[in-house]
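User: I've got a structure open and I'd like to talk it through. Can you take me from the overall build down to the details?

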Amino acid sequence: MPEKEKLIEMYRQMLRIRHFEEKVYELYGQNLVPGTIHLYVGQEAVAGGFCANLRKDDYITSTHRGHGHCIAKGADLRKVMAEILGKKTGYCKGKGGSMHIADFSIGMLGATAVVGAGIPIAVGAGLSIKLRGTDQVVAGFFGDGASNQGTFHESINMAAIWSLPVVFVCENNLYAMGTRQSMVMKIENIADRAAAYGIQGVTVDGNDVLAVYEAAHNAVDRARHGEGPMLIECKTYRHKGHSRFDPATYRPKAEVDEWLKKDPIPRFKAKLQKIGLLTEQEAEKTEQEVISAVEEAIKFAMESPYPTPEEALENVYA
Amino acid sequence: MRELTYRDALREALREEMLRDKTVFLLGEDIGHYWGGAFKVTKGLAEEFGDERVRDTPISESAIIGVAIGTAITGMRPVAEIMFGDLSALAMDQICNQAAKICYMFGGQTKVPLVIRTPFGAGVNIASHHSQSLEAWFMHTPGLLVAVPSTPFDAKGLLKTAIRGNNPVMFFEHKLLYSFKGEVPEEDYTIPFGEADMKLEGEDATIFATLYMVHEALAAAQELRKQGISVEIIDPRTLVPLDKQAIMKSVKKTGRIVIATEDCKTAGISAEIAAIVAEEALDYLDAPIKRVAEPDTPIPFSPPLEQFVIPNEKTIIKAVKEVL
C-alpha cells in the first residue's frame, strides 16, 4: 500500500478527471464544444493508478479517449479545456482538439485518434530511452479495440525482442465502439496475448485504483531497471457512450447497473475512509478544490480567444 | 574530382552524419551485418557503429515507422529504410497520419526529424509489388518533404540535409541508379531542399524530369542535339518543397515543356507540374504541355510488357518533337 500522500493524490486525480469530464459533457450540451468528445468517466482508476507511478520525465501515449491520461500525467486543466473548446490558448493552439492533446513538457507525447497507432510510437519512445541511456519509462495507453490492430502485434514484439522500458496498458472497457469484446476475440483476457511475445501479462480490476497502482508499480519498476516490457490489462467500463452521440443502447441495462455499482471513485473513497485516511471533512475539502480548479479552467477557456483563421496555415512544418 | 556510385554516396552521407551526431541511427529490415540492406546501401555500417545504431528489425513496416517516429519526438534522428517503395503502403498510417501530422496537430510543440529511405522504379523485372513509383501519394500529404535525387552528388547532399532537418522526409532512391557513378567531392556539403538543378542548359524546350528519367532525358537530349534541337533539363531534386521558380524561368525561356516522370499519369507528379505551369505560365507557352509518364497500370513482370510501360529516351524524344 502506498503512503497516505500518494493515496490522497490518486483520489484527487480521479476526482479531477471525473469533474472535468462531467463539465465537458455539460458544455457540449450547451453547444460550446465543437466536434465530438470521448469521455473517460468510469475509467479514472486506470490513468489515476498508473500515472501515480510515473515521474514527470516519463512518457505516455494516449488515445481518442485521452483527457484522463493527460490530467493524470499532470497537464494544466486550463490548457486542456481551452484545446477542447478550440481556443488559441489550448495545448495545440486549437489545431488538435479533444482527440489530439499533447504536452511535451510533461512527457505526454500526444493522443492519436487512429486506434492502435500510438502503440509503436510508445515503443519508439522506449527505444529512444535505451539509445540515450536514461532511466525513463513509457506507458502506452490503448483500448481493447486497439489490441486487434496489427500495430499491437508488431509493437509488442519489437519491445519484447529489444527489452524496452515500455508498459503496455490496455484499458479493456469491453466495447470497441459498439462491438462487444466477445464478438471480436476468442479470449477473455487480452493480457493472455503477452505470452505470445515472451513477456509477462497481467489482468487487473481496472476499477480498483489500488490494484492498478500495484500492477503498474511492479511493471514500471521492472521497466526502469532494464527488465523489459509488460502488458497490463485493466478491466473497466465507460459510464457514457463511445462518443457524445452514442446512447450506448447496445449495452444491457443490468450490465451497466452492475458496473455503475463498481464506480472506482466512491469505491476508493469508501476504502480510504474505512482505513481512516480520509475524513468526510477532508473529502469535502478535496472535492471543493477540484470543483474550483475545473471552474477556473472553464473560465480560462471561455475567455480565451479563438485562433485567427490564418493560423490554419502555420505549423505544417517545424 | 573522385567518382562514387549513388549507393556509396548514400552510404557516405549516412556514415558521416552518424559520426557527426550520435542521435542519428538507422533501422530497417536486413540493414545490418548480413545483408547491409537489400541494395547494400548500409553495408559495413553495422560493423562500424554496432547493432544498436544500425538496427535490424522484424518485418513490421508499420512499427518500423511508428517506432522511428517515437524516437524522433524524443530526441533522436532516425533514418528508417523501407526495403521497397511499394511496401511503404504497409506503413501508410504511420507515415501519413502520424509522422506528417504530429507537428501540426500538436500545435508545433514538437518536431519530427525522421528520414524514410526507400527505392522506387521499374526496370528489373520484379513485377507489381516491387517496382512502382509512388511519389505523388506523399506529395499529396502536407507535413512530409519529398526528395528525389538523380545523381550520386545530389543523393549525398540531399540525404545530409534530410538528416539534419527537423521534418519527416520521404527520401526516394531509384533501383537503377545504385550502381550509377558520378562526381562527389571529398569535403562536407549539403544541398538545400527546394533548389532545382539544371542538368542541361538549352533553348528550344524544357524537360522536367526526376530520378531515372533525368538520365533518359539526358540521353534524349544528346540524340536531339544531333538533330539540331536543344533542350533544357530541370531536375527538381525535391518535389516538396518544389522549386517553382526554376520551372517557370525555364518555361518562360523555352515556351515549351515536356514532363517526364516514372509514376503513372493520373494524379501523378506530372499532373501537378502541368497544373502549376498552366496556372502560372500559360501565357508563355507556345505549345500544349506534354506529359511522358507510365500508363495507369500496375508494373507488369515480363520484360516486353515492363519495357512497354516505362517512359524512356524514345518516348521523351517523341514528346519533345510534338511540342516543337
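Analyst: Sure, and let's begin with a definition: the radius of gyration here is taken over C-alpha atoms, and the globule rule is 2.2 Å times the number of residues to the power 0.38. Keep in mind that this is a predicted model.

User: What radius of gyration does chain B have next to a compact globule?

Analyst: Chain B has 324 residues, and a compact globule with that many would come out near 20 Å. The chain agrees with that expectation, because its own radius of gyration is 19 Å.

User: How much of chain B is buried?

Analyst: Let's set the scene with its extent: the C-alpha trace spans about 55 × 40 × 40 Å along its principal axes. A residue needs 20 or more other C-beta atoms within 10 Å of its own to count as buried. Of the 324 residues in chain B, the buried share is 57%.

User: Which domains does chain B have, and how many Å separate their centres?

Analyst: The domain assignment splits chain B into domain 1 (3–183) and domain 2 (197–323). Taken over C-alpha atoms, the centres of these two domains of chain B are separated by 26 Å.

User: Which elements of domain 1 give two or more residues to the side that touches domain 2 in chain B?

Analyst: The contact draws 27 residues from domain 1 of chain B and 24 residues from domain 2 of chain B. By class, the domain 1 side has 16 nonpolar, nine polar and two charged residues. The elements of chain B that give two or more residues to this side are helix 6 (135–139), strand 6 (145–147), helix 7 (152–164) and strand 7 (169–174).

User: What is the handedness of the crossing of helix 9 and helix 10 of chain B?

Analyst: The axes of helix 9 (residues 244–254) and helix 10 (residues 269–281) of chain B come within 11 Å and cross at roughly 65°. Among the residues that meet there are I247(B) and V251(B) from helix 9, with I273(B) and V277(B) from helix 10. The residues of this contact divide into seven nonpolar, no polar and three charged. As for the crossing of helix 9 and helix 10 of chain B, it is right-handed.

User: Which helix gives the largest share of the side of chain B that touches chain A?

Analyst: The contact takes 35 residues from chain B and 34 residues from chain A. On the chain B side, helix 3 (61–72), helix 4 (92–99) and helix 5 (102–105) give two or more residues. By class, that side has 14 nonpolar, 18 polar and three charged residues. The largest share, eight residues, comes from helix 3 of chain B.

Technical notes:
Residues are numbered from 1 along each chain as its sequence is written. Chains are lettered from A and ligands numbered from 1 in the order in which they are written. This is a predicted model: local features need pLDDT of at least 70, side-chain atom pairs count only at pLDDT 80 or more; totals for chains, interfaces and linings use all residues. Two residues are in contact if their C-beta atoms, placed from the backbone, lie within 7 Å. Helices (H or I, at least four residues) and strands (E, at least two) are DSSP runs, numbered from the N terminus. Ala, Val, Leu, Ile, Met, Phe, Trp, Tyr, Cys and Pro count as nonpolar, Asp, Glu, Lys and Arg as charged, and the others, Gly among them, as polar. Domain bounds come from an automatic or database domain assignment. A residue is buried if 20 or more other C-beta atoms lie within 10 Å of its own, exposed if 12 or fewer, and partly exposed in between; C-beta atoms are placed from the backbone. Axes are lines fitted to C-alpha atoms, for helices over the stretch in contact, and angles run from 0 to 180 degrees between N-to-C directions. A crossing is left-handed if the near helix is turned anticlockwise from the far one by less than a right angle, and right-handed if clockwise.
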